[in-house]
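Student: I am new to this structure. Can you take me through it step by step?

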Amino acid sequence: MQLQLNIDPRLMMLRVIMPVLVLAVMVGLVMAINTAFLQQPMRAVEGIQDLRDWSPERQSRMMLAGEWGFFWDDYLNPDDVSAETTLIAPTFLYLPGVWNDHLNQGVPLPRTGHGTLLLRVLLPAPGEYMIKIPTLTNDYRLWINGKPKVVNPDMESPGQARSSEATTRYIRFDAPNSEALLVMHLANYRHRAGGVWEPLYIAPASAHVSLHSLPIWRDILLGFLLAAAGVLALVTGYKRQQRAWIWLACYAFFMALRAVTVEERVFFHVFQIYDWQWQQRIEHMVLYCTLPCLAFYLGERFRHYFPALLHQVTTTVCGTLILVVLITDAAVFSRTPPVFQLLGLFYAVLMLGFCFAKLASQQPRAWLLFAGVFLQLLAGLNDIFYTNNVMDSINMLHIGALVFVASQFLVPARTDTDTPVAAAISVSPLTPDTPENPYLALPMRDSIVAVMSDALAAWESHGEGGKLSLAEQSRQWRVTNDNGTLKTRTLDKYLRTDTLPGRPRMTNVEKTVAFVLANVALPDNEAHQLTLALEAIREIKRSNPA
(Lines give C-alpha, C1' and ligand atoms only; values in the text may rest on other atoms or scores of the structure.)
Protein backbone atom coordinates (compact mmCIF):
# COMPACT_ATOMS: atom_id res chain seq x y z
CA MET A 1 0.00 0.00 0.00
CA GLN A 2 1.40 3.35 -1.05
CA LEU A 3 0.72 6.55 0.79
CA GLN A 4 0.76 9.86 -1.04
CA LEU A 5 1.73 12.97 0.88
CA ASN A 6 -0.03 16.03 -0.44
CA ILE A 7 1.60 19.33 0.52
CA ASP A 8 -0.02 22.63 -0.29
CA PRO A 9 2.91 24.81 -1.47
CA ARG A 10 1.12 28.02 -0.59
CA LEU A 11 0.32 26.91 2.96
CA MET A 12 3.86 25.58 3.36
CA MET A 13 5.20 28.98 2.34
CA LEU A 14 2.85 30.89 4.69
CA ARG A 15 3.00 28.61 7.72
CA VAL A 16 6.57 27.28 7.71
CA ILE A 17 9.06 28.82 5.28
CA MET A 18 8.20 32.50 5.77
CA PRO A 19 7.95 32.25 9.60
CA VAL A 20 11.35 30.54 9.82
CA LEU A 21 12.92 33.14 7.51
CA VAL A 22 11.39 36.03 9.46
CA LEU A 23 12.55 34.45 12.72
CA ALA A 24 16.07 34.32 11.32
CA VAL A 25 15.82 37.99 10.32
CA MET A 26 14.59 38.81 13.83
CA VAL A 27 17.62 37.10 15.35
CA GLY A 28 19.88 39.31 13.27
CA LEU A 29 17.82 42.36 14.15
CA VAL A 30 18.06 41.67 17.88
CA MET A 31 21.83 41.29 17.65
CA ALA A 32 22.13 44.45 15.55
CA ILE A 33 19.99 46.52 17.94
CA ASN A 34 21.97 45.21 20.89
CA THR A 35 25.27 46.09 19.23
CA ALA A 36 24.12 49.55 18.14
CA PHE A 37 22.30 50.74 21.26
CA LEU A 38 23.04 48.55 24.27
CA GLN A 39 26.80 48.13 24.06
CA GLN A 40 28.92 50.80 25.71
CA PRO A 41 32.29 51.69 24.17
CA MET A 42 34.33 52.02 27.38
CA ARG A 43 34.84 48.41 28.40
CA ALA A 44 37.43 46.80 30.62
CA VAL A 45 40.51 45.46 28.89
CA GLU A 46 42.74 43.01 30.78
CA GLY A 47 41.30 43.99 34.16
CA ILE A 48 41.31 47.78 33.67
CA GLN A 49 38.23 49.82 32.76
CA ASP A 50 39.12 53.35 31.69
CA LEU A 51 36.17 55.68 32.37
CA ARG A 52 38.15 58.92 32.42
CA ASP A 53 36.29 60.17 29.32
CA TRP A 54 32.91 59.38 30.83
CA SER A 55 30.63 62.38 31.34
CA PRO A 56 28.08 61.62 34.10
CA GLU A 57 26.10 64.70 33.06
CA ARG A 58 25.31 63.09 29.68
CA GLN A 59 25.22 59.44 30.77
CA SER A 60 24.30 59.05 34.41
CA ARG A 61 25.58 55.48 34.83
CA MET A 62 28.05 53.05 33.26
CA MET A 63 28.12 49.28 33.22
CA LEU A 64 31.13 47.59 34.77
CA ALA A 65 31.61 45.35 31.75
CA GLY A 66 34.54 43.76 29.99
CA GLU A 67 37.53 41.67 31.00
CA TRP A 68 37.95 41.18 34.76
CA GLY A 69 41.09 39.60 36.12
CA PHE A 70 40.20 36.06 37.19
CA PHE A 71 41.99 33.85 39.71
CA TRP A 72 40.33 30.43 39.57
CA ASP A 73 40.07 28.25 42.68
CA ASP A 74 41.69 30.92 44.84
CA TYR A 75 40.33 33.54 47.26
CA LEU A 76 42.92 36.32 47.17
CA ASN A 77 43.53 38.19 50.40
CA PRO A 78 42.22 41.75 49.74
CA ASP A 79 45.06 43.16 51.86
CA ASP A 80 47.58 41.70 49.43
CA VAL A 81 45.82 43.00 46.30
CA SER A 82 47.04 46.18 44.60
CA ALA A 83 46.49 47.90 41.26
CA GLU A 84 49.43 45.93 39.86
CA THR A 85 47.79 42.60 40.72
CA THR A 86 45.61 42.88 37.64
CA LEU A 87 48.77 42.66 35.53
CA ILE A 88 49.54 39.15 36.80
CA ALA A 89 46.05 37.68 36.46
CA PRO A 90 46.39 34.21 34.88
CA THR A 91 43.23 34.72 32.82
CA PHE A 92 40.44 37.23 32.22
CA LEU A 93 36.70 36.57 32.46
CA TYR A 94 34.33 38.69 30.42
CA LEU A 95 31.45 40.11 32.49
CA PRO A 96 28.52 40.03 32.30
CA GLY A 97 29.14 36.37 31.55
CA VAL A 98 29.79 32.89 32.92
CA TRP A 99 32.89 30.83 33.52
CA ASN A 100 31.37 27.57 32.23
CA ASP A 101 33.86 26.09 29.74
CA HIS A 102 36.08 29.17 30.05
CA LEU A 103 39.65 28.13 29.32
CA ASN A 104 41.99 28.56 32.28
CA GLN A 105 45.54 27.71 31.18
CA GLY A 106 44.05 25.58 28.40
CA VAL A 107 41.64 23.68 30.65
CA PRO A 108 37.86 24.31 30.46
CA LEU A 109 36.35 25.24 33.82
CA PRO A 110 33.46 23.31 35.41
CA ARG A 111 30.20 25.00 36.35
CA THR A 112 30.85 24.69 40.10
CA GLY A 113 33.77 26.17 41.94
CA HIS A 114 35.07 29.49 43.19
CA GLY A 115 37.56 32.22 42.43
CA THR A 116 38.49 35.89 42.70
CA LEU A 117 37.48 38.61 40.24
CA LEU A 118 39.54 41.79 40.07
CA LEU A 119 38.78 45.09 38.30
CA ARG A 120 40.58 48.42 38.37
CA VAL A 121 38.31 51.33 37.39
CA LEU A 122 39.77 54.68 36.31
CA LEU A 123 37.17 57.34 37.12
CA PRO A 124 36.65 60.79 35.54
CA ALA A 125 37.12 62.72 38.80
CA PRO A 126 37.64 62.16 42.52
CA GLY A 127 34.55 62.02 44.71
CA GLU A 128 31.84 59.73 46.05
CA TYR A 129 30.45 57.02 43.78
CA MET A 130 27.86 54.28 44.01
CA ILE A 131 27.82 50.74 42.60
CA LYS A 132 24.58 48.89 41.98
CA ILE A 133 24.79 45.13 42.43
CA PRO A 134 21.55 43.28 41.62
CA THR A 135 20.57 40.00 43.23
CA LEU A 136 23.38 37.78 41.98
CA THR A 137 22.73 34.12 41.35
CA ASN A 138 26.16 33.13 42.69
CA ASP A 139 27.44 33.85 46.21
CA TYR A 140 29.92 36.71 46.56
CA ARG A 141 31.93 38.97 48.84
CA LEU A 142 33.12 42.42 47.80
CA TRP A 143 35.85 44.86 48.74
CA ILE A 144 36.29 48.33 47.21
CA ASN A 145 39.62 50.09 47.68
CA GLY A 146 40.48 47.60 50.41
CA LYS A 147 37.30 48.18 52.44
CA PRO A 148 34.82 45.30 52.92
CA LYS A 149 31.40 46.16 51.44
CA VAL A 150 29.63 42.77 51.26
CA VAL A 151 30.49 40.10 53.83
CA ASN A 152 29.38 36.49 53.38
CA PRO A 153 31.13 34.07 55.77
CA ASP A 154 29.15 31.04 54.51
CA MET A 155 31.20 31.09 51.31
CA GLU A 156 34.00 29.33 53.17
CA SER A 157 31.86 26.14 53.15
CA PRO A 158 31.05 24.90 49.62
CA GLY A 159 27.40 23.97 49.28
CA GLN A 160 26.39 25.96 52.36
CA ALA A 161 22.90 27.48 52.00
CA ARG A 162 22.93 31.23 51.63
CA SER A 163 22.02 32.95 54.88
CA SER A 164 22.48 36.54 53.75
CA GLU A 165 19.59 38.36 52.14
CA ALA A 166 19.23 38.01 48.38
CA THR A 167 18.59 41.61 47.44
CA THR A 168 19.85 44.45 45.28
CA ARG A 169 22.64 46.43 46.92
CA TYR A 170 23.62 50.07 46.39
CA ILE A 171 27.16 50.48 47.70
CA ARG A 172 28.70 53.91 48.25
CA PHE A 173 32.45 54.43 48.32
CA ASP A 174 34.98 57.26 48.14
CA ALA A 175 37.49 57.54 45.30
CA PRO A 176 39.89 60.34 46.34
CA ASN A 177 42.44 59.28 43.73
CA SER A 178 39.88 58.88 40.92
CA GLU A 179 40.30 55.11 41.06
CA ALA A 180 38.34 52.14 42.36
CA LEU A 181 39.84 48.69 42.91
CA LEU A 182 37.16 46.00 43.10
CA VAL A 183 37.94 42.60 44.59
CA MET A 184 35.12 40.05 44.43
CA HIS A 185 35.15 36.52 45.82
CA LEU A 186 32.66 34.49 43.78
CA ALA A 187 31.40 30.94 44.36
CA ASN A 188 28.88 28.69 42.67
CA TYR A 189 27.78 25.37 44.11
CA ARG A 190 24.05 25.52 43.42
CA HIS A 191 23.34 26.70 39.86
CA ARG A 192 23.83 25.46 36.30
CA ALA A 193 26.22 28.36 35.58
CA GLY A 194 28.98 30.12 37.47
CA GLY A 195 29.81 33.77 36.99
CA VAL A 196 28.13 37.18 37.01
CA TRP A 197 25.72 37.55 34.11
CA GLU A 198 23.68 40.23 35.85
CA PRO A 199 24.85 43.77 34.93
CA LEU A 200 26.74 45.85 37.51
CA TYR A 201 26.51 49.65 37.26
CA ILE A 202 28.54 52.53 38.62
CA ALA A 203 27.36 56.14 38.98
CA PRO A 204 28.17 59.26 41.00
CA ALA A 205 26.51 59.13 44.42
CA SER A 206 24.47 62.18 43.41
CA ALA A 207 22.82 60.10 40.65
CA HIS A 208 21.01 57.88 43.16
CA VAL A 209 17.63 58.60 41.58
CA SER A 210 18.60 57.37 38.12
CA LEU A 211 20.39 54.34 39.55
CA HIS A 212 17.77 53.34 42.12
CA SER A 213 14.39 55.09 41.97
CA LEU A 214 13.76 55.38 38.23
CA PRO A 215 14.27 51.67 37.45
CA ILE A 216 11.93 50.72 40.30
CA TRP A 217 9.19 53.06 39.08
CA ARG A 218 9.72 51.79 35.52
CA ASP A 219 9.02 48.21 36.64
CA ILE A 220 6.01 49.30 38.71
CA LEU A 221 4.60 51.21 35.73
CA LEU A 222 5.02 48.23 33.39
CA GLY A 223 3.39 45.93 35.93
CA PHE A 224 0.50 48.36 36.39
CA LEU A 225 -0.08 48.73 32.64
CA LEU A 226 -0.08 44.96 32.13
CA ALA A 227 -2.46 44.47 35.07
CA ALA A 228 -4.75 47.19 33.68
CA ALA A 229 -4.70 45.46 30.28
CA GLY A 230 -5.64 42.24 32.06
CA VAL A 231 -8.63 43.89 33.75
CA LEU A 232 -9.72 45.33 30.39
CA ALA A 233 -9.45 41.86 28.84
CA LEU A 234 -11.67 40.47 31.62
CA VAL A 235 -14.30 43.12 30.95
CA THR A 236 -14.10 42.42 27.20
CA GLY A 237 -14.50 38.70 27.80
CA TYR A 238 -17.55 39.29 29.98
CA LYS A 239 -19.18 41.60 27.43
CA ARG A 240 -18.48 39.32 24.48
CA GLN A 241 -19.07 36.11 26.42
CA GLN A 242 -15.80 34.67 25.13
CA ARG A 243 -13.38 32.64 27.22
CA ALA A 244 -10.45 33.60 24.98
CA TRP A 245 -10.27 37.04 26.60
CA ILE A 246 -10.16 35.47 30.07
CA TRP A 247 -7.02 33.61 29.03
CA LEU A 248 -5.55 36.81 27.58
CA ALA A 249 -6.24 38.47 30.94
CA CYS A 250 -4.42 35.66 32.76
CA TYR A 251 -1.48 36.07 30.39
CA ALA A 252 -1.38 39.82 31.10
CA PHE A 253 -1.60 39.24 34.88
CA PHE A 254 1.30 36.76 34.90
CA MET A 255 3.37 39.11 32.75
CA ALA A 256 2.55 41.94 35.16
CA LEU A 257 3.84 39.76 37.99
CA ARG A 258 6.96 38.96 35.99
CA ALA A 259 7.61 42.68 35.45
CA VAL A 260 8.01 43.14 39.20
CA THR A 261 9.94 39.91 39.89
CA VAL A 262 12.85 40.52 37.49
CA GLU A 263 15.32 43.41 37.20
CA GLU A 264 14.54 45.49 40.34
CA ARG A 265 12.57 42.59 41.93
CA VAL A 266 10.01 44.92 43.49
CA PHE A 267 7.66 42.06 44.37
CA PHE A 268 10.22 40.40 46.65
CA HIS A 269 10.97 43.66 48.45
CA VAL A 270 7.30 44.43 49.06
CA PHE A 271 6.57 40.96 50.47
CA GLN A 272 10.01 40.67 52.10
CA ILE A 273 10.93 37.44 50.33
CA TYR A 274 14.71 37.41 50.63
CA ASP A 275 15.39 33.71 50.41
CA TRP A 276 17.29 33.28 47.13
CA GLN A 277 15.96 29.80 46.40
CA TRP A 278 12.34 30.92 46.70
CA GLN A 279 13.00 34.02 44.64
CA GLN A 280 14.27 31.75 41.88
CA ARG A 281 11.31 29.40 42.25
CA ILE A 282 8.73 32.17 42.02
CA GLU A 283 10.51 33.79 39.07
CA HIS A 284 10.61 30.49 37.15
CA MET A 285 7.02 29.49 37.97
CA VAL A 286 5.59 32.85 36.93
CA LEU A 287 7.39 32.61 33.59
CA TYR A 288 6.21 29.03 33.02
CA CYS A 289 2.59 30.06 33.64
CA THR A 290 2.62 32.64 30.84
CA LEU A 291 2.90 30.37 27.79
CA PRO A 292 -0.07 28.08 28.65
CA CYS A 293 -2.28 31.18 29.10
CA LEU A 294 -1.15 32.53 25.73
CA ALA A 295 -1.68 29.10 24.14
CA PHE A 296 -5.23 28.84 25.51
CA TYR A 297 -6.01 32.36 24.31
CA LEU A 298 -4.87 31.55 20.78
CA GLY A 299 -6.61 28.19 20.87
CA GLU A 300 -9.92 29.64 22.05
CA ARG A 301 -9.97 32.62 19.70
CA PHE A 302 -8.41 31.07 16.58
CA ARG A 303 -9.31 27.42 16.82
CA HIS A 304 -8.54 26.51 13.23
CA TYR A 305 -4.97 27.79 13.47
CA PHE A 306 -4.27 26.56 17.01
CA PRO A 307 -6.07 23.24 17.67
CA ALA A 308 -6.81 22.09 21.21
CA LEU A 309 -3.98 19.53 21.18
CA LEU A 310 -1.45 22.37 21.05
CA HIS A 311 -2.48 24.13 24.24
CA GLN A 312 -3.04 20.81 25.98
CA VAL A 313 0.52 19.70 25.22
CA THR A 314 1.87 23.16 26.13
CA THR A 315 0.08 23.06 29.48
CA THR A 316 1.39 19.55 30.18
CA VAL A 317 5.00 20.54 29.42
CA CYS A 318 4.87 23.79 31.42
CA GLY A 319 3.04 22.05 34.28
CA THR A 320 5.83 19.49 34.41
CA LEU A 321 8.43 22.26 34.49
CA ILE A 322 6.60 23.95 37.38
CA LEU A 323 6.52 20.63 39.27
CA VAL A 324 10.29 20.26 38.76
CA VAL A 325 10.79 23.79 40.12
CA LEU A 326 8.74 22.96 43.21
CA ILE A 327 10.34 19.63 44.14
CA THR A 328 14.00 20.25 43.26
CA ASP A 329 16.64 22.80 44.19
CA ALA A 330 18.13 25.45 41.94
CA ALA A 331 20.99 23.23 40.80
CA VAL A 332 18.35 21.12 39.02
CA PHE A 333 15.51 23.46 38.04
CA SER A 334 17.91 26.12 36.73
CA ARG A 335 18.43 23.72 33.79
CA THR A 336 14.75 23.86 32.73
CA PRO A 337 14.60 27.26 30.92
CA PRO A 338 15.97 25.88 27.59
CA VAL A 339 12.97 23.50 27.41
CA PHE A 340 10.59 26.41 27.89
CA GLN A 341 12.49 28.51 25.37
CA LEU A 342 12.31 25.77 22.70
CA LEU A 343 8.56 25.55 23.26
CA GLY A 344 8.36 29.32 22.95
CA LEU A 345 10.27 29.25 19.64
CA PHE A 346 7.82 26.63 18.33
CA TYR A 347 4.94 28.96 19.18
CA ALA A 348 6.83 31.83 17.56
CA VAL A 349 6.77 29.96 14.23
CA LEU A 350 3.06 29.16 14.69
CA MET A 351 2.16 32.76 15.51
CA LEU A 352 4.10 34.15 12.57
CA GLY A 353 2.44 31.61 10.26
CA PHE A 354 -0.93 32.66 11.64
CA CYS A 355 -0.13 36.34 10.95
CA PHE A 356 0.98 35.61 7.38
CA ALA A 357 -2.26 33.72 6.76
CA LYS A 358 -4.19 36.76 8.01
CA LEU A 359 -2.19 39.06 5.77
CA ALA A 360 -2.72 36.79 2.77
CA SER A 361 -6.48 36.83 3.36
CA GLN A 362 -6.34 40.65 3.37
CA GLN A 363 -8.08 40.96 6.72
CA PRO A 364 -8.46 44.59 7.84
CA ARG A 365 -5.66 45.72 10.17
CA ALA A 366 -3.83 42.42 9.79
CA TRP A 367 -0.59 44.43 9.76
CA LEU A 368 -1.43 45.70 13.23
CA LEU A 369 -1.82 42.14 14.47
CA PHE A 370 1.47 41.20 12.82
CA ALA A 371 3.22 44.19 14.42
CA GLY A 372 2.06 43.15 17.90
CA VAL A 373 3.26 39.57 17.40
CA PHE A 374 6.53 40.73 15.80
CA LEU A 375 7.45 43.04 18.68
CA GLN A 376 6.56 40.43 21.29
CA LEU A 377 8.72 37.82 19.57
CA LEU A 378 11.54 40.35 19.20
CA ALA A 379 11.48 40.93 22.96
CA GLY A 380 11.30 37.18 23.56
CA LEU A 381 14.36 36.50 21.42
CA ASN A 382 16.22 39.22 23.33
CA ASP A 383 15.45 37.44 26.60
CA ILE A 384 16.54 34.05 25.22
CA PHE A 385 19.91 35.46 24.17
CA TYR A 386 20.27 37.41 27.41
CA THR A 387 19.45 34.50 29.74
CA ASN A 388 21.80 32.22 27.80
CA ASN A 389 24.61 34.81 28.06
CA VAL A 390 24.89 35.35 24.33
CA MET A 391 24.75 39.13 24.76
CA ASP A 392 24.40 41.88 27.38
CA SER A 393 20.87 43.19 27.71
CA ILE A 394 17.93 43.42 30.10
CA ASN A 395 14.69 41.45 30.41
CA MET A 396 12.22 42.75 27.81
CA LEU A 397 9.63 39.99 27.42
CA HIS A 398 7.05 41.77 29.58
CA ILE A 399 7.48 44.91 27.44
CA GLY A 400 6.76 42.88 24.29
CA ALA A 401 3.80 41.25 26.06
CA LEU A 402 2.29 44.67 26.78
CA VAL A 403 2.49 45.57 23.08
CA PHE A 404 0.94 42.24 22.08
CA VAL A 405 -1.95 42.48 24.53
CA ALA A 406 -2.66 46.06 23.46
CA SER A 407 -2.70 45.01 19.79
CA GLN A 408 -5.45 42.48 20.51
CA PHE A 409 -7.80 45.31 21.48
CA LEU A 410 -6.93 47.40 18.44
CA VAL A 411 -7.61 44.63 15.93
CA PRO A 412 -11.37 44.92 15.22
CA ALA A 413 -13.58 42.13 16.46
CA ARG A 414 -15.95 42.67 13.55
CA THR A 415 -15.37 43.80 9.98
CA ASP A 416 -17.79 45.19 7.43
CA THR A 417 -19.08 42.72 4.83
CA ASP A 418 -20.78 43.05 1.49
CA THR A 419 -23.60 40.69 2.46
CA PRO A 420 -26.66 42.82 3.22
CA VAL A 421 -29.18 39.98 2.78
CA ALA A 422 -28.50 38.65 6.28
CA ALA A 423 -29.00 42.01 7.96
CA ALA A 424 -32.61 41.32 8.87
CA ILE A 425 -31.66 38.21 10.78
CA SER A 426 -28.30 39.30 12.19
CA VAL A 427 -29.44 42.62 13.66
CA SER A 428 -31.61 40.88 16.25
CA PRO A 429 -29.66 37.88 17.56
CA LEU A 430 -31.75 34.96 18.66
CA THR A 431 -31.70 33.59 22.17
CA PRO A 432 -32.12 29.97 23.19
CA ASP A 433 -35.73 30.77 24.13
CA THR A 434 -36.71 31.70 20.54
CA PRO A 435 -39.32 29.08 19.51
CA GLU A 436 -39.03 29.31 15.69
CA ASN A 437 -36.28 28.99 13.13
CA PRO A 438 -36.37 32.31 11.23
CA TYR A 439 -34.33 30.89 8.35
CA LEU A 440 -37.15 28.48 7.49
CA ALA A 441 -39.60 31.37 7.48
CA LEU A 442 -37.82 32.80 4.42
CA PRO A 443 -38.18 31.59 0.82
CA MET A 444 -35.70 28.76 0.16
CA ARG A 445 -33.26 30.82 -1.94
CA ASP A 446 -33.32 33.72 0.52
CA SER A 447 -32.75 31.25 3.35
CA ILE A 448 -29.65 29.78 1.67
CA VAL A 449 -28.17 33.23 1.08
CA ALA A 450 -28.96 34.27 4.67
CA VAL A 451 -27.28 31.15 6.06
CA MET A 452 -24.12 31.67 4.00
CA SER A 453 -24.05 35.38 4.83
CA ASP A 454 -24.34 34.74 8.55
CA ALA A 455 -21.66 32.04 8.43
CA LEU A 456 -19.30 34.45 6.68
CA ALA A 457 -20.19 37.26 9.10
CA ALA A 458 -19.42 35.00 12.07
CA TRP A 459 -16.10 34.03 10.48
CA GLU A 460 -15.14 37.66 9.90
CA SER A 461 -16.52 38.96 13.20
CA HIS A 462 -14.19 36.95 15.38
CA GLY A 463 -10.87 37.53 13.68
CA GLU A 464 -10.71 34.50 11.40
CA GLY A 465 -10.29 36.43 8.12
CA GLY A 466 -12.50 37.04 5.09
CA LYS A 467 -14.05 35.17 2.20
CA LEU A 468 -10.72 34.03 0.85
CA SER A 469 -9.58 32.40 4.09
CA LEU A 470 -13.00 30.78 4.61
CA ALA A 471 -12.93 29.30 1.11
CA GLU A 472 -9.38 28.00 1.51
CA GLN A 473 -9.67 26.61 5.00
CA SER A 474 -13.11 25.03 4.72
CA ARG A 475 -12.04 23.47 1.37
CA GLN A 476 -15.60 23.83 0.08
CA TRP A 477 -15.16 26.68 -2.42
CA ARG A 478 -12.80 27.11 -5.35
CA VAL A 479 -10.27 29.95 -5.24
CA THR A 480 -9.20 31.26 -8.66
CA ASN A 481 -6.23 33.39 -9.69
CA ASP A 482 -7.33 36.38 -11.76
CA ASN A 483 -4.18 38.11 -13.06
CA GLY A 484 -2.42 37.65 -9.72
CA THR A 485 -5.50 38.41 -7.59
CA LEU A 486 -7.18 35.54 -5.73
CA LYS A 487 -10.97 35.47 -6.18
CA THR A 488 -13.83 33.48 -4.61
CA ARG A 489 -16.31 33.69 -7.49
CA THR A 490 -18.31 30.57 -6.58
CA LEU A 491 -18.70 31.52 -2.92
CA ASP A 492 -19.66 35.07 -3.94
CA LYS A 493 -22.64 33.72 -5.89
CA TYR A 494 -24.11 32.31 -2.65
CA LEU A 495 -24.19 35.74 -0.99
CA ARG A 496 -26.86 37.27 -3.26
CA THR A 497 -30.19 35.82 -4.35
CA ASP A 498 -29.84 37.14 -7.91
CA THR A 499 -26.54 35.27 -8.40
CA LEU A 500 -27.42 32.08 -6.49
CA PRO A 501 -27.18 29.07 -8.87
CA GLY A 502 -30.40 27.36 -9.93
CA ARG A 503 -29.25 24.17 -8.22
CA PRO A 504 -27.29 25.30 -5.15
CA ARG A 505 -24.62 23.02 -3.71
CA MET A 506 -26.37 22.38 -0.42
CA THR A 507 -23.66 20.03 0.86
CA ASN A 508 -21.03 22.74 0.44
CA VAL A 509 -23.19 25.23 2.31
CA GLU A 510 -23.85 22.71 5.10
CA LYS A 511 -20.17 21.85 5.52
CA THR A 512 -19.18 25.53 5.49
CA VAL A 513 -21.56 26.36 8.34
CA ALA A 514 -20.43 23.29 10.29
CA PHE A 515 -16.79 24.31 9.74
CA VAL A 516 -17.39 27.80 11.16
CA LEU A 517 -19.20 26.37 14.18
CA ALA A 518 -16.34 23.97 14.85
CA ASN A 519 -13.48 26.42 14.41
CA VAL A 520 -14.67 29.80 15.69
CA ALA A 521 -15.14 30.69 19.37
CA LEU A 522 -18.60 32.28 19.18
CA PRO A 523 -20.64 33.80 22.00
CA ASP A 524 -23.55 31.57 23.06
CA ASN A 525 -26.21 33.65 21.27
CA GLU A 526 -24.30 33.71 17.97
CA ALA A 527 -23.45 30.02 18.21
CA HIS A 528 -27.13 29.26 18.79
CA GLN A 529 -28.12 31.38 15.79
CA LEU A 530 -25.62 29.63 13.52
CA THR A 531 -26.80 26.26 14.82
CA LEU A 532 -30.31 27.22 13.69
CA ALA A 533 -28.83 28.12 10.30
CA LEU A 534 -27.23 24.66 10.05
CA GLU A 535 -30.48 22.97 11.01
CA ALA A 536 -32.33 25.03 8.40
CA ILE A 537 -29.94 23.95 5.63
CA ARG A 538 -30.30 20.31 6.62
CA GLU A 539 -34.06 20.64 6.61
CA ILE A 540 -33.97 22.24 3.15
CA LYS A 541 -31.78 19.36 1.92
CA ARG A 542 -34.25 16.80 3.23
CA SER A 543 -37.19 18.62 1.69
CA ASN A 544 -35.47 19.14 -1.66
CA PRO A 545 -33.35 16.07 -2.44
CA ALA A 546 -31.12 16.40 -5.50
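## A first tour

Tutor: The protein has 16 helices and 17 strands. Keep in mind that this is a predicted model.

Student: How much of the protein is buried?

Tutor: A residue counts as buried when its relative accessible area is under 20%. The protein has 546 residues. The share of them that counts as buried is 52%.

Student: What share of the exposed area comes from carbon and sulfur atoms?

Tutor: Start with the area itself. The protein exposes about 25,200 Å². The part supplied by carbon and sulfur atoms is 59%.

Student: Among contacts between residues at least 6 apart in sequence, how many join residues at least 24 apart?

Tutor: Contact here means heavy atoms within 4.5 Å. Take the contacts between residues at least 6 apart in sequence. Those that join residues at least 24 apart make up 75%.

Student: Which residues make the nonpolar surface patch that includes Met12?

Tutor: Met12 sits in helix α1, residues 9-38. Its relative accessible area is 31%, so Met12 is partly exposed. The patch covers about 480 Å². Its members are Met12, Met13, Val16, Ile17, Val20 and Leu21.

Student: Is helix α13 mostly covered or mostly open?

Tutor: The helix has eight residues, and six of them are buried. Those six are Leu468, Ser469, Leu470, Ala471, Gln473 and Ser474. Just after the helix comes Arg475, with a positive phi near 60°. On the count of buried residues, α13 is mostly covered.

Student: How are α13 and α15 oriented to each other?

Tutor: Helix α13 spans residues 467-474 and helix α15 spans residues 506-519. Their axes come within 10 Å and cross at roughly 100°. Angles of 65 to 115 degrees count as roughly perpendicular. Therefore α13 and α15 are roughly perpendicular.

Student: Which residues make the contact between α13 and α15?

Tutor: Both helices contribute. From α13 come Leu470, Gln473 and Ser474. From α15 come Thr512, Phe515 and Val516.

Student: How many salt bridges are in the whole structure?

Tutor: A pair counts when a side-chain nitrogen of Lys or Arg is within 4 Å of a carboxyl oxygen of Asp or Glu. A search of the whole structure on that rule finds 14.

Student: How many residues apart are Glu179 and Arg120?

Tutor: Their side chains meet in a salt bridge, 2.9 Å from N to O. Glu179 is in strand β13, residues 179-188, and Arg120 is in strand β8, residues 113-122. Glu179 counts as partly exposed, at 28% relative accessibility. Along the chain, the two partners are 59 residues apart.

Student: Why does the pair of Glu128 and Arg172 tie together parts of the chain, and how many residues apart are they?

Tutor: The closest N and O atoms of this salt bridge are 3.7 Å apart. Glu128 lies in strand β9 and Arg172 in strand β12, so the pair ties these parts together. Glu128 is partly exposed at 40%, and Arg172 is partly exposed at 39%. In sequence they are 44 residues apart.

Student: Are Arg190 and Asp139 buried or exposed?

Tutor: Their side chains form a salt bridge, 3.8 Å from N to O. Arg190 lies in the loop between β13 and β14, and Asp139 in strand β10, so the pair ties together parts 51 residues apart in sequence. Both residues are buried.

Student: Which residues are joined into one network by salt bridges?

Tutor: Look for salt bridges that share partners. They join Glu510, Arg538 and Lys541.

How values were computed. Residues are numbered from 1 along each chain as its sequence is written. This is a predicted model: local features need pLDDT of at least 70, side-chain atom pairs count only at pLDDT 80 or more; totals for chains, interfaces and linings use all residues. Side-chain values use heavy atoms; hydrogens and water are left out. Patches are made of residues with over 30% relative accessible area and no salt bridge: like charges are joined within 9 Å, nonpolar side chains (Val, Leu, Ile, Met, Phe, Trp, Tyr) within 5 Å. Accessible areas come from the Shrake-Rupley method with a 1.4 Å probe; for residues, only the protein chains shown count as cover. Helices (H or I, at least four residues) and strands (E, at least two) are DSSP runs, numbered from the N terminus. Buried means under 20% relative accessible area, exposed over 50%, partly exposed in between (1.4 Å probe, protein chains only). Axes are lines fitted to C-alpha atoms, for helices over the stretch in contact, and angles run from 0 to 180 degrees between N-to-C directions. Angles under 35 degrees count as roughly parallel, over 145 as roughly antiparallel, 65 to 115 as roughly perpendicular and the rest as oblique.
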